[in-house]
Amino acid sequence: MAQNMQDWLAGFAAEIGTTLPTREELDMLLELAGVAARAAERPAAPITCWLVGRAGLDPRDALAVGQRLAGNSEANHG
């Protein structure tokens, strides 16, 4: 049986030596993943979130960037 998301994230975070995102950060990252998946191909979602971590961005700031770019994408492709 698969683990629930919280158990998976807690175990993974412990293994890589970091802490879990706050509930607010998690919600923003999930929203950002949704924005990326709708604005581009689905695989863009996890890689977008990885880029946020790699850049050390606050999820709130990253979400704003994603929404801005998605808006531009929709205007250019819609």
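Here is a short chat about the labels used for this predicted model.

Me: What makes the pair of tryptophan 8 and phenylalanine 12 stacked?
Reply: Two numbers settle that. Their ring centres are 5.7 Å apart, and the cut-off for a pair is within 6.5 Å. Their planes sit at 25°, while stacked means under 30 degrees, so the pair earns the label stacked. The structure holds 1 aromatic pair.

Me: Where do tryptophan 8 and phenylalanine 12 lie?
Reply: Both are in helix 1, which covers residues 5–16. They're 4 residues apart, about one turn of the helix. In general, an α-helix has 3.6 residues a turn, so residues three or four places apart point the same way.

Me: Why is tryptophan 8 called partly exposed?
Reply: Its relative accessible area is 48%. Buried would need under 20% and exposed over 50%, so tryptophan 8 falls in between. Phenylalanine 12, at 44%, counts as partly exposed too.

Me: How do you know that aspartate 27 forms a salt bridge with arginine 23?
Reply: Check the closest N and O atoms: they're 2.9 Å apart. The rule asks for within 4 Å, so this pair counts as a salt bridge. Both residues lie in helix 2 (residues 23–39), 4 residues apart.

Me: Is arginine 23 buried or exposed?
Reply: Exposed, at 52% relative accessibility, because the label starts at over 50%. Its partner aspartate 27 has 37% and counts as partly exposed.

Me: How many salt bridges are there by this rule?
Reply: The count comes to 2. Besides the one just described, glutamate 24 forms a salt bridge with arginine 60. Here the closest N and O atoms are 2.4 Å apart, again within 4 Å.

Me: What makes glutamate 24 and arginine 60 a pair that ties together parts apart in sequence?
Reply: Glutamate 24 lies in helix 2, but arginine 60 lies in helix 4 (residues 59–77), so the pair ties together parts that are 36 residues apart in sequence. As for exposure, glutamate 24 is at 44% and arginine 60 at 46%. The partly exposed range runs between the 20% and 50% cut-offs, so both get that label.

Me: How do you know that the span of helix 2 agrees with what it should be?
Reply: Helix 2 has 17 residues, and at 1.5 Å a residue it should span 24 Å. The sum uses one less than the number of residues. The end C-alpha atoms are 24 Å apart, so the two agree.

Me: Which residues of helix 2 are buried?
Reply: They are Leu26, Met28, Leu29, Leu32, Ala33, Gly34, Val35 and Ala36. Buried means under 20% relative accessible area.

Terms used: Residues numbered from 1 in each chain as written. Predicted model: local features only at pLDDT ≥ 70, side-chain atom pairs only at ≥ 80, totals over all residues. Heavy atoms only, no water. Phe/Tyr/Trp six-rings, centres within 6.5 Å; stacked < 30°, edge-to-face > 60°. Helix = DSSP H or I, 4+ residues; strand = E, 2+ residues; numbered from the N terminus. Buried < 20%, exposed > 50% of the residue type's maximum accessible area, 1.4 Å probe, protein only. Salt bridge = Lys/Arg side-chain N within 4 Å of Asp/Glu carboxyl O.
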